[in-house]
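Hi everyone, and thanks for making time for this. I'd like to walk you through a structure that may be new to you, so let's bring it up on the screen.

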Amino acid sequence: MNVIIVKNYDEMSKKAFEIMKAAVTEKKDAVLGLATGSTPIGLYKEMIADHKAGGASYADVKAFNLDEYMGLDYSSDQSYVYFMRENLFDHIDIKLENTNIENGKAADPEAECARYNALLAENTVDLQILGIGSNGHIAFNEPGTSFDSVTHVVDLTENTIKDNSRLFASIDEVPRKAFTMGLSNIMAAKKILVLANGANKAKAVYGMVRGEVTENVPASILQNHADCTLICDEAAASLL
Ligand code: F6R
């Protein structure tokens, strides 16, 4: 894994944007894998500012999001589909029909996972953006998830529910289940860019970069990827 340590969140976001811009400039119809959460918001802001200033176009880009809460859709401002429109898609020229995410309100969750896996099988992600959970999860693949997993429904751990409750009115409102791409879907991307900032990520970052490759630390699978770069701030890198 290629590790780039920067001073702070702002530098992490700018550096990540350089890689994103190169990807969509080299290949106008690039397929992007995108994440939600606090970590990539700075990158998305950079993409929006550049686009508005006449920079990169996303008109031919396709996007696949990692995950979505079960039971939520665009009508909820806590849904990930809402997050993506608010924080990125509504401010660049990507076509909404080219954006993909699991349908949190799908009547048949198993069929929804199969639909998403089929789409991913047809579309190889050129650049996958990832954040990392404080327990080492990537997407919603919690510790113990099989490295062979594909899109599936997960029971969120108490740790993740607690981490994510900051974005909800109360912890009781955090959904207990989610749809997530599996680890083998993520590993199929040609290039992976992981972003991590803050001291609360330091242990997970250590496990991802230097720890044993084990299903107990889902992000450790990234050590096996041929083209994976981590950009992290000094606080997240403090145990490396
Ligand atoms: C989001 C996702 C999660 C987050 C992770 C870190 O789509 O898949 O794995 O990347 O939980 O979240 P933040 O960035 O909020 O610290």
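**Pockets and sheet**

Let's start with the lining of the largest pocket: by class, 12 of its residues are polar, 8 are nonpolar and 4 are charged. Please keep in mind that this is a predicted model. The largest pocket has a volume of about 450 Å³, and 24 residues line it. If you want to find its centre, look for Gly-37, Ile-132, His-137, Asn-164 and Lys-201, the lining residues that lie nearest to that point. Which helix gives the most to this lining? That is helix 5, residues 158–164, with 3 residues.

Now for the second largest pocket, which holds about 170 Å³ of space. Its lining has 5 nonpolar and 4 charged residues, and no polar ones. Among them are Ile-19, Glu-26, Asp-126 and Lys-191. Here helix 1, residues 9–26, gives the most, with 4 residues.

Next, the sheet. Seen strand by strand, this open sheet of 7 strands follows the order 1-10-9-6-2-3-5, and the pairing is parallel. Strand 1 (2–6) and strand 5 (99–100) stand at the edges with a single partner strand each, so one side of each has no neighbour in the sheet.

Let's zoom in on one pair. Strand 9, residues 191–196, runs parallel to strand 10, residues 228–233, and 5 bridges join them. Within this pair, Ala-196 stands opposite Cys-232 of strand 10.

Finally, helix 4, residues 109–122, lies across strand 3 (62–65) and strand 5, and runs at about 140 degrees to strand 3. Thanks for listening!

Technical notes
Residues numbered from 1 in each chain as written. Predicted model: local features only at pLDDT ≥ 70, side-chain atom pairs only at ≥ 80, totals over all residues. Heavy atoms only, no water. Pairing = 2+ DSSP bridges. Helix = DSSP H or I, 4+ residues; strand = E, 2+ residues; numbered from the N terminus. Contact = heavy atoms within 4.5 Å. Axes fitted to C-alpha atoms, helices over the stretch in contact; angles between N-to-C directions. 1 Å grid on protein atoms, 1.4 Å probe; cavity = no way out; pocket = protein on both sides within 12 Å on 5 of 7 lines; lining within 4 Å. Points joined across faces, edges and corners; volume = space filled by probe spheres on them. Nonpolar A, V, L, I, M, F, W, Y, C, P; charged D, E, K, R; others polar.
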